[in-house]
Amino acid sequence: QSSVLSLTPESNSTMLVPAGDRYTMTDFATTYFREAQSMQGLKGMSAEKKSVADLVRHTKVPIQASLLRYSDSELNELATKNFQTLMRFMGDQPKHKHQAEVQCIYEILQLCKEKENLHDEIYCQVIKQVTHNPHQETELRGWLLLNLLTGYFLPSKILMPYATKFLQLASSDPSSTHHDIAKICQSNLRKNFLYGGRRHLPFPVEMEALLKGHGARRLVVLMPGGMEYLTKIRTFTVAKELLQEICEQMGIGEQQEIQDFVLFAVRSKMVRPIKLEEYLHDYLLEDKLVTVTLRRLTWRTPLHFDNQIYTDVHYGQVLWDYLNGRILLGQSKETEMQVGLLAVFQHWAKVEQQNSTPSREELKEYTPKTLQPSISSKALQNHVATLLRTRKPLQPLDAKIQFIEHVMKLPFFGYTTFVVERISDDTVPVPCFFGVNKEEIVVVDGSTQVVSQVIPLKELQKMRTLRPLSSGGLPGLELSYGSPGSPRAMWVELSQAKELYHTIVVILDKTEL
C-alpha cells in the first residue's frame with residue numbers, strides 16, 4: 001500500500017508521576033471496582049477499606065464478573081474469560097489440554113490489541129494476581145506478563161497514576177523478588193507513554209526466551225569500516241538507547257551530535273532508517289535476516305578526532321561513500337588531482353605503508369568506481385608518485401583524518417544521494433541524482449553534476465510513496481512543496497523509493513529537535 005506523510009507538528013505530553021500516599025490501587029478499587037461500589041455504606045470505614053483491599057489481592061477463585069463495571073455484556077464476558085486465561089498462565093488453574101504457556105500470553109495480548117476498552121481491566125487483573133501472591137513462581141509469571149503489558153499497551157489516563165504508583169512501590173523494596181522486574185516495568189511504561197509502545201506482538205521464540213528468564217537478546221551492529229559492535233538489547237529497547245550506548249564508546253557526549261547518527265534495518269536490498277523512538281524488536285524478524293547498521297546521516301556538529309573508534313567509524317563511512325559514488329564528483333583536471341591526493345591518504349592510512357608506493361591495482365582500489373573509466377591510470381600513477389616524493393608521510397590515524405577533512409570540502413559532501421531513473425521534470429536528463437541533506441533536496445544532472453533544482457526542506461508539505469505502474473516498473477515518490485499560494489509537485493521513480501522516503505522523514509525529525 002501507498003504510505004502518506006503529513007508534515008504537521010505534534011503536541012508534547014507530560015506523564016503524571018504520583019507522590020505521597022495517594023493513588024494506591026486500593027484507592028482506585030474504592031472508586032472504580034464494581035464490587036467496591038456495592039460495598040460502600042454497608043460497613044464501617046475500616047472494615048470497608050479492608051474489604052476493598054482484598055479486591056486487589058491475589059485470589060485462587062476465578063472472578064464471576066469484570067473487576068470494572070461495563071455496560072457492554074460482551075466486554076464483561078471477555079474480561080471474565082481473560083481472568084481464567086491469566087490464572088492458567090500463572091499456574092493458579094490447570095491449562096487446557098495441549099495449551100502452551102505462550103498461547104495463553106498471546107490470547108491476553110491479542111485481546112488488549114483488539115479491545116482498547118479492556119486495557120484497564122486487564123492491568124487490574126494482573127496487578128491483583130501479583131499482589132500478596134503466596135506462591136513465588138506464579139507471582140513471577142504475573143510480573144513477566146506485566147512486563148509485556150507495560151511495554152505494549154497503556155492504561156487509561158484514569159488508571160495511569162495508580163499503575164505508576166503501584167510500580168514505584170513494588171520497585172522500592174530491594175528485598176522483594178520482583179524488585180528488578182518492577183523497575184523494568186516502570187521503564188517500559190515510561191517509554192510506552194513517550195514513544196507509543198511496540199507495534200508488533202513478540203514472536204514465539206522471543207516469548208519463550210522471556211519465560212525462561214532470558215530478557216536480553218544478543219545483537220551485532222555493523223559499523224562503517226567493517227567494524228562490529230556487539231551488545232544486548234531488551235524486549236523494549238528503543239533506537240535512542242542503543243545509539244547513546246554506541247556513541248559513548250566513540251566518545252560522543254553531546255545530544256546534538258548523537259542525533260546526527262541513525263541506525264538502519266537492512267534486509268536484502270530493503271534499507272529502512274530506524275527513528276529514535278522506534279523499538280528495535282519491531283524490526284528484528286524471527287528469521288534473523290535483518291541486519292542493523294550505523295551511519296552518520298547529518299553533519300550539524302563539528303568533527304573531533306579525539307577517539308580512535310570515532311575516527312575509524314568516520315573514516316570507514318566517508319571512504320565507502322567516496323569509493324561507491326555516494327559523494328558526487330565532477331570530471332575535470334582538478335578532480336583528477338583530488339583523486340590522486342586522496343589515493344595517497346588511503347595508502348598511508350594502511351599500517352606500515354608510509355614508505356611504499358601503491359601498485360596499479362591498489363590505485364584502482366583507491367579510485368571511485370564512477371571515475372575509473374575516465375581517469376588515466378598512467379597519469380594518476382605519475383601524480384601519486386610526485387606526491388609521495390614531495391610530501392612527508394603521515395601516520396595512519398593522521399592520514400585518515402586528512403582524508404576525511406579533504407572529502408568534506410567536496411561540493412556534495414553531507415548529502416545522502418540516490419540514483420533516479422525517471423523524473424516528472426522532462427528537462428532533467430536521466431538517470432540523475434537526488435541528494436538530501438539537513439537543509440534541502442537537490443536534483444543533480446548525472447553527467448555534468450550541475451544542480452538543476454533545489455527544494456528547501458522547510459517548504460516540503462507532503463510526501464507519498466507510489467506503487468510501480470507495471471509489473472517490471474519502479475516504485476516512486478511524490479513530493480508536494482512550495483507555499484500555499486504557489487503549490488508545486490514532483491515525482492521520481494527509483495528502486496530505493498521507500499528508503500528515500502524514510503530518510504527524508506528521519507532528517508525532518510532531526511531538524512525539529
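A cavity is a set of grid points where a 1.4 Å probe fits but cannot get out. The model described here is predicted.

**The cavities**

A search of the whole structure turns up three cavities of 30 Å³ or more. The largest has a volume of about 130 Å³. Its lining counts 15 residues. Closest to the centre are Arg295, Trp299, Gln317, Asp321 and Tyr415.

Which elements give two or more residues to this lining? They are β6, α13 and β7. Helix α13 supplies the largest share, three residues.

The table lists these elements with their residue ranges.

| Element | Residues |
|---|---|
| β6 | 291–296 |
| α13 | 308–323 |
| β7 | 416–420 |

What is the make-up of the lining by class? Seven of the lining residues are nonpolar, four are polar and four are charged.

**The sheet that holds β7**

Strand β7 contributes to the lining of the largest cavity. This strand also belongs to an open sheet of four strands. The order is β7-β9-β10-β11, and the pairing is antiparallel. Which strands form the edges? They are β7 and β11, and each pairs on one side only. Strand β11 spans residues 451–456. From one strand to the next, the twist averages 20°.

The partner of β7 is β9, residues 432–436. Five bridges join the two strands, which run antiparallel. Thr416 stands opposite Val436 of β9.

**In brief**

Strand β7 appears in both parts of this report. It gives two or more residues to the lining of the largest cavity, and it is an edge strand of the open sheet.

Technical notes:
Residues are numbered from 1 along each chain as its sequence is written. This is a predicted model: local features need pLDDT of at least 70, side-chain atom pairs count only at pLDDT 80 or more; totals for chains, interfaces and linings use all residues. Side-chain values use heavy atoms; hydrogens and water are left out. On a 1 Å grid over the protein atoms alone, a cavity is a set of points where a 1.4 Å probe fits but cannot get out, and a pocket is an open set with protein on both sides within 12 Å along at least five of seven lines; lining residues have an atom within 4 Å of a point. Grid points are joined across faces, edges and corners, and a volume is the space filled by probe spheres set on the points. Ala, Val, Leu, Ile, Met, Phe, Trp, Tyr, Cys and Pro count as nonpolar, Asp, Glu, Lys and Arg as charged, and the others, Gly among them, as polar. Two strands pair if DSSP finds at least two bridges between them. Axes are lines fitted to C-alpha atoms, for helices over the stretch in contact, and angles run from 0 to 180 degrees between N-to-C directions.
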